[in-house]
Amino acid sequence: MKKIITVSAPGKLMLFGEHAVVYGKPCIVTAVNQRMFVMAEQTTTNELLFDAKDVGIKNYKKRIDALGKGQIPKAAQFVEIAIKNFFLCHPEFISGSHMLGLKISTTSEFSSTYGFGSSSAVTVCIIKALTELFEIKLSKKDIFDIAYKTVLDIQKIGSGVDIAAAVYGGTLYFVSGGKMIESLNIKPLPLVVGYSGSKADTVTLLNGVKEKAKKYPEIITGIYTDIEKIVILAKKALIKNDLQTVGELMNFNQGYLESLGVSTDRLSNMIYAARNIGAYGAKLSGAGGGDCMIAIADKKHEEKVKQGIEQNGGQIIQIQTHAEGVRREL
Ligand code: MEV
């Protein structure tokens, strides 16, 4: 009987420390309960067949021995390179008579424009799906390592935090490259999430900050060090469930992100509206330049905070924090 595997992985929101984490500082990320799904099966054609209607990929085909070569549409890059990297680590599955082809399709509960880490979630799903298809056991760290290599092969820059959230789930204290991945035992967070309606390219933003750091090394180094202090205090406040302090630290973090030049007028307006209406704190989440902002607010202020965000051009996205990491569904 033909084996069809379905796996899923969560999207993520950055709580603290984005950008600085790329330069060796810690950050805090939470996995959200909107998931990416990947269906995978073996075929007899010696080709990769790939469909992802959410991102406009239909009937994409590539010979298995040509994976990673030639032109790859942007929306197929992470899938193709993840498969290539899996086989690089496990050549036994493409040697001799073992390997046939693969049919892969993806679908997502969240839009790829939210900045929830869809590329990382799909990469992690692919690697997990292949371990299930070929019936091999890889540890979470093994999956992280292959997926992180995939991100670096494509983007050349990045900390791997989105990958860690997709693999491990929960809320993580994370240091670049997976040097530290610590799961935080905390209560679900009362987050309000507002989508700013536009998507910026993460790599462009990362390179913009890198250029700034070249011009103003002593300033940007200081900013990263201050962000690290915020992250360390935020970890303690989150563990104590001290939401007042978590909010105040979010506000500090936003100040530094503004200094790095990654906020936008729309994001800042949404953030200030949330704070003025009574949120404990608010900041952008992720690379910036668009995507989402987050606010932390108690039940009493939640509705008003949502309205304030909407009145400033935001779209509220319902999520729960601390979602489960990558898992087999079927
Ligand atoms: C993106 O979710 C977080 C950034 O710090 C990039 C990265 O860590 O790779 C902006």
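A polar contact is here a pair of N or O atoms within 3.5 Å, and the views below show a predicted model.

**View 1. Polar contacts of the ligand with Lys12, Ser159 and Asp162.** In this predicted model, an oxygen atom of the ligand lies 3.2 Å from an N or O atom in the side chain of Lys12. For the side chain of Ser159, the separation between an N or O atom and an oxygen atom of the ligand is 2.5 Å, and for the side chain of Asp162 the corresponding value is 2.9 Å. The ligand taken alone exposes 290 Å², of which the protein buries 94%.

**View 2. The ligand in the largest pocket, with its surrounding shell.** The pocket that holds the ligand is the largest one, and strand E1 (4-16) and helix H4 (161-168) are the elements that contribute two or more residues to the shell around the ligand. Residues surrounding the ligand include Met14, Glu18, His19, Val21 and Val22, as well as Gly158, Val161, Leu206 and Ala287. Sorted by class, this shell around the ligand comprises six nonpolar residues, three polar residues and three charged residues.

**View 3. Leu233 in helix H6.** Leu233 is placed in helix H6, which spans residues 217-240. Its relative accessibility is 44%, so Leu233 counts as partly exposed, the class that lies between buried, under 20%, and exposed, over 50%. Val209 is 24 residues from Leu233 along the chain, and the C-alpha atoms of Leu233 and Val209 are separated by 24 Å.

How values were computed: Residues are numbered from 1 along each chain as its sequence is written. This is a predicted model: local features need pLDDT of at least 70, side-chain atom pairs count only at pLDDT 80 or more; totals for chains, interfaces and linings use all residues. Side-chain values use heavy atoms; hydrogens and water are left out. A residue is near a molecule or strand if one of its heavy atoms lies within 4 Å of it. A polar contact is a pair of N or O atoms within 3.5 Å; within protein, one must be able to donate a hydrogen and the other to accept it, and residues adjacent in sequence count only if both atoms are side-chain atoms. Accessible areas come from the Shrake-Rupley method with a 1.4 Å probe; for residues, only the protein chains shown count as cover. On a 1 Å grid over the protein atoms alone, a cavity is a set of points where a 1.4 Å probe fits but cannot get out, and a pocket is an open set with protein on both sides within 12 Å along at least five of seven lines; lining residues have an atom within 4 Å of a point. A molecule sits in a cavity or pocket if more than half of its atoms lie within 2 Å of its grid points. Helices (H or I, at least four residues) and strands (E, at least two) are DSSP runs, numbered from the N terminus. Ala, Val, Leu, Ile, Met, Phe, Trp, Tyr, Cys and Pro count as nonpolar, Asp, Glu, Lys and Arg as charged, and the others, Gly among them, as polar. Buried means under 20% relative accessible area, exposed over 50%, partly exposed in between (1.4 Å probe, protein chains only).
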